Amino acid sequence: MTAPTSQHGTMRAVVVHGAGDVRVDTRPRPVPGPGQVLLALEWGGICGSDLAYWKKGASGTAALAHPLVLGHEVAGRIAALGPGVTGLREGLPVTVHPARPVGDGALPDRIAGRTNLYPQVRYFGSAAFTPHTDGGFSEYRAVDADQVRPLPDGVDTERGALAEPLAVALHAVGRVPGLRGRTVLVNGAGPIGSLVVAAARYRGAGRVIAADLSSSALAAARSMGAQETRDLSRGEALPEDVEVVFEASGAPAALGAVLRATARGGTLVQVGNPPGTPVPAVLGDLVTREISWIGSYRFAEEIDDALLALRDGVDVRPLITHRFPLERAEEALSVAADPAAGSGKVLLRLSGD
């Protein structure tokens with residue numbers, strides 16, 4: 001979905017045209033419609049779905065039918081207010097809740113308020129619908145005012161761009177009530193896994209252990225609060241009998257060992273997105289150990305909690321390993337996709353000083 005555009009003024013945007021084909025295109029600068037604001041975007045974080053659209057022309061079951069502006073982890077400043085917008089002002093630093101449920105139907109009572117579970121949701125930078133929903137890797141974007149979230153005092157737009165993935169992590173941690181004081185294992189210490197470490201510590205977990213095949217990822221997890229790490233590439237084993245486990249790698253081959261690490265009667269939260277194709281996995285311990293295996297998908301309103309966490313001192317900056325200007329978007333994607341590059345969170349500088 002796109003906002004009305006003006007014939008006066010242009011902007012640059014990172015647009016994927018097909019598998020392996022990403023360009024910095026010039027497009028008309030949007031004009032905010034009724035109930036919208038125009039954002040001058042400053043920072044954008046590259047996510048796995050951005051890489052999937054670039055590498056494969058699809059993310060999960062969502063395939064490109066036409067060019068798409070990438071990006072859903074963004075922050076910037078309000079450049080203009082559309083008709084009817086109140087309570088916001090030009091120059092205000094903000095981030096964006098990138099989801100918009102489709103349709104007016106109410107959710108069943110059993111999942112009331114869990115807006116991430118609407119049957120259909122438009123998401124920034126997604127090809128799930130045609131026309132696609134353009135993302136925020138552009139110098140400007142018109143956004144519905146109710147999707148805007150002002151940044152707390154002291155939180156700059158660089159950190160604000162990571163509010164969205166931090167919200168994903170907080171949602172995952174929130175799937176396990178009563179985490180305070182408990183031992184936690186996070187398998188997979190990429191950006192989301194490392195943020196799950198931070199979120200678990202923020203929610204009062206006792207001991208947090210992170211496991212990964214990458215020493216640089218484990219270093220990031222330690223910087224986010226992991227008290228103990230296991231380097232699986234060196235043959236170190238997962239711990240035993242952990243009451244709460246977060247699987248953040250999305251690798252089906254890891255499930256057997258992760259289930260074995262989960263204590264009898266424990267809880268395994270699936271945060272990493274497994275492939276959308278059939279794969280073999282060893283699941284026997286799910287039954288014999290009576291493990292509760294639950295999913296965690298995006299987030300509902302935890303982006304507000306993420307902003308409070310940033311205000312309260314959760315520091316996401318150690319995750320940021322690379323920063324690129326918008327015109328080097330393809331290079332930024334390449335670095336983010338290369339395990340050998342030692343990249344954590346790769347940011348694009350979209351505009352601003």
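1. How are α3 and α4 placed relative to each other, oblique or parallel? In this predicted model, helix α3, which covers residues 163–174, packs against helix α4, covering residues 191–202, at an angle of about 55° and with the two axes 8 Å apart. Because an angle of this kind is neither under 35 degrees nor within 65 to 115, α3 and α4 are oblique to each other.

2. The crossing in which α3 passes α4 is right-handed. On the α3 side the contact is made by P165, L166, V168, A169, L170 and V173, while α4 contributes I192, L195, V196, A199, A200 and Y202. By character, the residues of this contact divide into 12 nonpolar ones, with no polar and no charged residue among them.

3. A second place to look is T262, which lies in strand β17, a strand that spans residues 262–270. With a relative accessible area of 0%, T262 is buried, since buried means under 20%. A polar atom of the T262 side chain lies 2.9 Å from the backbone oxygen of V258. Leaving aside residues up to four places away in sequence, T262 touches D241, V242, V245, T267, L268, R289 and I291.

4. L117, by contrast, belongs to the loop between β9 (99–101) and β10 (121–123), and at 32% relative accessibility it counts as partly exposed. When residues up to four places away in sequence are not counted, L117 touches L107 and I111. L117 and Y297 are 180 residues apart in sequence, and their C-alpha atoms are 8.1 Å apart in space.

Conventions: Residues are numbered from 1 along each chain as its sequence is written. This is a predicted model: local features need pLDDT of at least 70, side-chain atom pairs count only at pLDDT 80 or more; totals for chains, interfaces and linings use all residues. Side-chain values use heavy atoms; hydrogens and water are left out. Axes are lines fitted to C-alpha atoms, for helices over the stretch in contact, and angles run from 0 to 180 degrees between N-to-C directions. Helices (H or I, at least four residues) and strands (E, at least two) are DSSP runs, numbered from the N terminus. Angles under 35 degrees count as roughly parallel, over 145 as roughly antiparallel, 65 to 115 as roughly perpendicular and the rest as oblique. A crossing is left-handed if the near helix is turned anticlockwise from the far one by less than a right angle, and right-handed if clockwise. Contact means heavy atoms within 4.5 Å. Ala, Val, Leu, Ile, Met, Phe, Trp, Tyr, Cys and Pro count as nonpolar, Asp, Glu, Lys and Arg as charged, and the others, Gly among them, as polar. Buried means under 20% relative accessible area, exposed over 50%, partly exposed in between (1.4 Å probe, protein chains only). A polar contact is a pair of N or O atoms within 3.5 Å; within protein, one must be able to donate a hydrogen and the other to accept it, and residues adjacent in sequence count only if both atoms are side-chain atoms.
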